[in-house]
Amino acid sequence: MSKTYLVTGATGKTGKHTTRILLEKGHKVRALVHRQDARSEALAAVGAEIVVGDLTDHDAVIGALEGINAAYLCYPIRHDLIDVTAYFADAAQRAKVELIVNMSQISAREVAKSHAARNHWISERVLDWSGVPTAHIRPTFFSEWLTFPWVRNGIVKDDVIALPYGEGRHAPVTGEDQARLIAALLENPAQHAGKIYPLFGPVELNETEIAEKMSDVLGRRISYRPVTSEAYKAHLKTFGLDDFLIQHFLCIAEDCQNGVFAGTNSLFEEITGEPAMTVEAFVEQHRAIFEKSA
Ligand SMILES: NC(=O)c1ccc[n+]([C@@H]2O[C@H](COP(=O)([O-])OP(=O)(O)OC[C@H]3O[C@@H](n4cnc5c(N)ncnc54)[C@H](OP(=O)(O)O)[C@@H]3O)[C@@H](O)[C@H]2O)c1
């Protein structure tokens, strides 16, 4: 039966794929976008109803959730996630939605040093206390990390992945795979309400092994260069990232070294019937942006 879903963060790494996949399955999608631009126009072109709004605006969120069966909540690493989550929980309760799929992260812990990770943990609890049926997803690092300018530039210019992750291991997971899973959760609210799903790609690797996989695909040698937290912080500042985000990135680097991001599981096969993408497949899919000429 066709339903109407709200997708927030609809122009982002998971939201854009979630919107498309739900539409392909024959549902209606209201895509909440932060601004109107080429990304929102692409969503409109495939059939999404576009609502421009800000998740920090309670009235806008109430309006966006009216008439919605189930919703995906995704908000970037900003200081006001708890406010946003509380507004969303209230609006979802009014709209009597069957399920919220809440984007959290693997490092969400009550003892997290990262303010953002701790806020993710509290936000999960706010949704639980609200009584609105919710499934929390807790991904490890996205595969898209390799494409972020502060990582990708080093790959393209110097053939190095420069990060302070030590020997820390994680199984990178793509936004598109997560979207398939998010769509499946939204379609089966009763089955997934109350669950917490840690999300991993298929193969756990350290940065040296990721660099080797990249080398195999790109046909040139990429190496891992461990850097200090101080050097990483100075590097991130050159990209204009704010202090809240930098504090998070430094803390999760430490978490990664301590094994917080490690692990794999078979959730993608179990819930969607398909395995998640390997790092090699992801690099192949995005080959152009890692080329020297890019
Ligand atoms: N990246 C990772 O490796 C990773 C790992 C685990 C979990 N996560 C979680 O994934 C979530 C999203 O991460 P991301 O920042 O990388 O995001 P993203 O989903 O790719 O992008 C954020 C989206 O939110 C929109 N947005 C920003 N501010 C908004 C506002 N005030 N109101 C409405 N929409 C707004 C953005 O639109 P504009 O671009 O137009 O502003 C964009 O579409 C975070 O909760 C993070 O903890 C990420």
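Me: K96 is found in the loop between α4 (81-95) and β5 (99-103). Why is K96 called exposed?

Reply: Relative accessibility of K96 comes to 69%, and exposed means over 50%, buried under 20%, partly exposed in between (1.4 Å probe, protein chains only). So 69% puts K96 in the exposed class. α4 and β5 are DSSP runs, numbered from the N terminus (helices: H or I, at least four residues; strands: E, at least two). Keep in mind that this is a predicted model, where local features need pLDDT of at least 70, side-chain atom pairs count only at 80 or more, and totals for chains, interfaces and linings use all residues. Residues are numbered from 1 along each chain as its sequence is written, and side-chain values use heavy atoms, without hydrogens or water.

Me: What makes the phi of K96 worth a look?

Reply: Phi of K96 is near 55 degrees, a positive value in a residue other than glycine. D159, not a glycine either, has a positive phi of about 60 degrees.

Me: And D159, in the loop between α6 (149-158) and β7 (160-163): why is D159 buried or exposed?

Reply: D159 has a relative accessible area of 19%. That value is under the 20% limit, so D159 counts as buried.

Me: How do you know that W145 makes a polar contact with the ligand?

Reply: A polar side-chain atom of W145 lies 2.9 Å from a ligand oxygen. A polar contact is a pair of N or O atoms within 3.5 Å, so this pair qualifies. The protein covers 89% of the 910 Å² of accessible area that the ligand has on its own (Shrake-Rupley method, 1.4 Å probe).

Notes:
Polar contact = N/O pair within 3.5 Å; in protein donor to acceptor, adjacent residues only side chain to side chain.
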